[in-house]
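I opened this model to look up a few things for my notebook. The entries below follow the order in which I looked.

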Amino acid sequence: MKKIVVLISGSGSNLQSLIDSCHSGAIGAQIVAVISNQENAYGLVRAQQAEIPACYLDAKQYTDRQAYDAALLAQVDQFQPDLVVLAGFMRILSAQFVNHFAGKLLNIHPSLLPKYPGLHTHRKALENGDKEHGTSVHFVTEELDGGPVILQAKVPIFEQDSEDDIIERIKTQEHAIYPLVVEWFISGRLTMQKGKAVLDNKILPQQGYTNE
């Protein structure tokens with residue numbers, strides 16, 4: 001069975017959706033490790049409850065980002081994963097790490113990329129008066145939130161919405177689309193070729209898969 005390593009920083013709600021999908025058979029793979037850069041991340045508890053090996057890697061124990069990423073790379077590599085999934089991992093990864101796992105490193109970002117890379121995406125959408133917002137699953141490259149998009153989900157923004165309202169609406173979509181994309185990869189349908197996302201031997205457009 002193919003192996004997945006998940007990197008987290010927080011509550012791990014997307015991690016939970018992946019755990020559930022692996023248990024149900026919707027994803028034909030096994031999560032073999034969960035690694036967090038935050039000691040108190042609830043995602044570590046979720047992993048332990050699911051009897052998945054979980055650990056915390058403390059950045060303060062390393063001299064700089066390169067040293068931390070080298071240690072993280074070694075930690076991930078020992079599990080020999082077929083896929084590395086970022087599920088709310090709030091660190092910018094070094095080129096060394098990204099290139100080592102090129103083509104088998106996925107992230108989910110809470111915006112309709114290429115709109116709003118980086119942080120505070122929901123706030124930006126509200127401040128700009130956007131009528132819709134969303135989330136994007138993409139391959140990770142050296143460019144921050146700039147790798148090829150695989151799948152997006154859109155949500156409406158209503159006049160009275162708070163940031164929390166939008167966050168909850170987007171989480172619902174994330175929990176649906178992230179396991180789907182992971183299964184596409186695990187089943188061999190999804191690859192990254194020459195910097196493009198390719199699904200069922202077709203290059204995906206900038207916004208990712210669209211069901212026409």
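**Helix α3**

I began with the buried residues of α3, which pack against β1 (2-8), β2 (29-36), β4 (83-86) and α4 (95-100). Contact here means heavy atoms within 4.5 Å. Helices (H or I, at least four residues) and strands (E, at least two) are DSSP runs, numbered from the N terminus.

For the record, this is a predicted model: local features need pLDDT of at least 70, side-chain atom pairs count only at pLDDT 80 or more, and totals for chains, interfaces and linings use all residues. Residues are numbered from 1 along each chain as its sequence is written, and side-chain values use heavy atoms, with hydrogens and water left out.

I listed the buried residues of α3 as Tyr 68, Asp 69, Ala 71, Leu 72, Leu 73 and Val 76. Buried means under 20% relative accessible area, exposed over 50%, and partly exposed in between (1.4 Å probe, protein chains only). Residues three or four places apart on an α-helix point the same way, because there are 3.6 residues a turn.

I checked the length of α3 (residues 65-77): its 13 residues should span 18 Å at 1.5 Å a residue, and the end C-alpha atoms are 18 Å apart, which agrees. The expected span is 1.5 Å times one less than the number of residues. At the N-terminal end of α3 I found Asp 64 as the cap, with a side-chain oxygen 3.3 Å from the backbone nitrogen of Gln 66.

**Helix α1**

I did the same for α1 (residues 13-24), where 12 residues reach 17 Å from first C-alpha to last, close to the 16 Å expected at 1.5 Å a residue. Its buried residues are Ser 13, Asn 14, Leu 15, Ser 17, Leu 18, Ile 19, Ser 21 and Cys 22. They pack against β1, β2, α2 (42-49), β4, β5 and α6. Just after α1, I noted that Gly 25 takes a positive phi of about 90 degrees.

**Cores**

Which residues touch the most other members of the largest nonpolar core? I found Ile 4, Val 6, Ile 31, Ile 150 and Val 182, out of 37 residues in that core. Helix α6 (residues 163-186) gives the largest share, seven residues. A second, separate core of 20 residues includes Leu 7, Val 32, Phe 89 and Leu 105. A nonpolar core is a set of buried Ala, Val, Leu, Ile, Met, Phe, Trp, Tyr and Cys residues joined through side-chain atoms within 4.5 Å.

I followed Val 182 further: leaving aside neighbours within four places in sequence, Val 182 is in contact with Ile 4, Leu 18, Ile 27, Leu 83, Val 85 and Leu 106.

**Record entries**

In an unreviewed entry, UniProt lists residues 2-182 for "domain: Formyl transferase N-terminal". Over residues 2-182 I read 36% helix and 24% strand, with the end C-alpha atoms 11 Å apart. The unreviewed entry in UniProt also lists His 109 for "active site". Such positions are given in the numbering used here, feature names are shortened, and annotations may be inferred rather than shown by experiment.

Is His 109 buried or exposed? His 109 counts as buried, at 4% relative accessibility. I placed His 109 in strand β5 (residues 105-109). Not counting residues up to four places away in sequence, His 109 touches Tyr 116, Pro 117, Gly 118, Thr 121, Gly 134, Thr 135, Ser 136, His 138 and Asp 145.

**Aromatic pairs**

I found four aromatic pairs in the structure. Rings of Phe, Tyr and Trp (its six-membered ring) pair if their centres lie within 6.5 Å; planes under 30 degrees apart count as stacked, over 60 as edge-to-face and the rest as tilted. Phe 97 and Phe 101 form a tilted pair, 4.9 Å centre to centre with 50 degrees between the planes. Both Phe 97 and Phe 101 are buried.

The pair of Trp 184 and Tyr 209 is edge-to-face, because the ring centres are 5.4 Å apart and the planes are at 70 degrees. This pair links distant parts of the chain, with Trp 184 in helix α6 and Tyr 209 in the segment after β10 (202-203), 25 residues apart. Trp 184 counts as buried at 7% relative accessibility, whereas Tyr 209 counts as partly exposed at 32%.

**Asp 161**

I last looked at Asp 161, in the loop between β7 (149-156) and α6. Asp 161 is buried, with a relative accessible area of 13%. Its side chain makes a polar contact with the side chain of Arg 169 (2.7 Å). A polar contact is a pair of N or O atoms within 3.5 Å; within protein, one must be able to donate a hydrogen and the other to accept it, and residues adjacent in sequence count only if both atoms are side-chain atoms.
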